[in-house]
Amino acid sequence: MASQELIDALRDADAVRYGEFELSHGGTSDYYVDKYLFETDPRCLELVAEAFAERLGETKLAGVALGAVPLVAVTSVETGLPYVIARKQKKEYGTANLVEGRLNEGEEVVVLEDIVTTGQSAVDAVEALREAGAEVNRILVVVDREEGGRENLAEAGVEMEALLSASELLDGRDG
């Protein structure tokens with residue numbers, strides 16, 4: 001199911017790096033997918049938006065702040081679907097919202113995320129969206145690192161679909 005065109009675009013953007021990296025959950029890895037390199041590359045954004053659009057119906061979108069905001073914005077433009085942003089924590093000023101944008105009670109939302117490792121930030125976003133009244137059963141991600149995220153999301157009652165798995169992205173690597 002992997003798109004070779006997307007794999008090539010991520011590699012061309014130098015978003016796949018090899019070495020020793022500390023991950024956000026505290027573990028280490030011999031590779032790193034740099035979301036900021038692929039999320040600031042117009043070709044990568046275009047391919048991600050098109051791939052996400054093919055998998056969406058007529059539901060509202062949600063992006064996990066900060067990483068998935070560019071992804072949800074370009075997908076919104078591609079599909080014409082509105083979106084909200086799920087923050088990691090409330091602002092201490094202004095509206096102090098955990099979810100930014102218009103969200104109606106009971107509205108179905110599909111979460112978009114960049115990279116899932118353990119899935120904890122995605123689970124936190126789903127919980128925030130549900131607390132705000134959304135119905136969340138599905139998440140679309142660019143890269144599944146295949147380190148338990150799918151299972152953790154399933155425990156939270158969310159089905160995860162990835163555009164690419166880490167094994168697909170790293171298959172035949174040069175590094």
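Which side chains meet in a salt bridge at 2.6 Å, N to O? In this predicted model, the two partners are Arg43 and Glu46. Both residues belong to helix 3, where they stand three residues apart, about one turn of the helix. An α-helix has 3.6 residues a turn, so residues three or four places apart point the same way. Arg43 is partly exposed, at 35% relative accessibility, and Glu46 is likewise partly exposed, with a relative accessible area of 37%.

**Salt bridges**

Side chains of opposite charge can pair when their charged atoms come close. The count for this model comes to ten salt bridges. Three of the pairs, including the one within helix 3, are set out below.

| Pair | N to O distance | Location |
|---|---|---|
| Arg43 and Glu46 | 2.6 Å | both in helix 3 |
| Arg55 and Glu161 | 2.9 Å | loop between helix 3 and strand 3; strand 8 |
| Asp114 and Lys35 | 3.7 Å | strand 6; helix 2 |

In the salt bridge between Arg55 and Glu161, the N to O distance is 2.9 Å. Arg55 sits in the loop between helix 3 and strand 3 (60–64), whereas Glu161 belongs to strand 8, so this pair ties together parts that are 106 residues apart in sequence. Both of these residues are buried. The pair also belongs to one network, in which salt bridges with shared partners join Glu54, Arg55, Arg138 and Glu161.

For Asp114 and Lys35, the closest N and O atoms are 3.7 Å apart. Asp114 is located in strand 6 (residues 108–116) and Lys35 in helix 2, so their salt bridge ties together parts that are 79 residues apart in sequence. Asp114 has 2% relative accessibility and counts as buried, while Lys35, with a relative accessible area of 22%, is partly exposed. The cut-off that separates the two classes is 20% relative accessible area.

**Helix 1 and its packing**

Helix 1 spans residues 4–12, and its buried residues are Leu6, Ile7, Ala9 and Leu10. These residues lie on the same side of helix 1, because they cover an arc of only 165° around the axis. The elements against which the buried residues pack include three helices: helix 2 (35–38), helix 3 (42–54) and helix 7 (166–170). Strand 1 (16–22), strand 7 (135–144) and strand 8 (159–165) are also packed against by the buried residues of helix 1. Just after helix 1, Asp14 adopts a positive phi of about 60°.

Two of the elements in contact with these buried residues, helix 2 and strand 8, also contribute to the salt bridges described above, through Lys35 and Glu161 respectively.

Terms used:
Residues numbered from 1 in each chain as written. Predicted model: local features only at pLDDT ≥ 70, side-chain atom pairs only at ≥ 80, totals over all residues. Heavy atoms only, no water. Buried < 20%, exposed > 50% of the residue type's maximum accessible area, 1.4 Å probe, protein only. Helix = DSSP H or I, 4+ residues; strand = E, 2+ residues; numbered from the N terminus. Arc of directions from axis to C-beta. Contact = heavy atoms within 4.5 Å. Salt bridge = Lys/Arg side-chain N within 4 Å of Asp/Glu carboxyl O.
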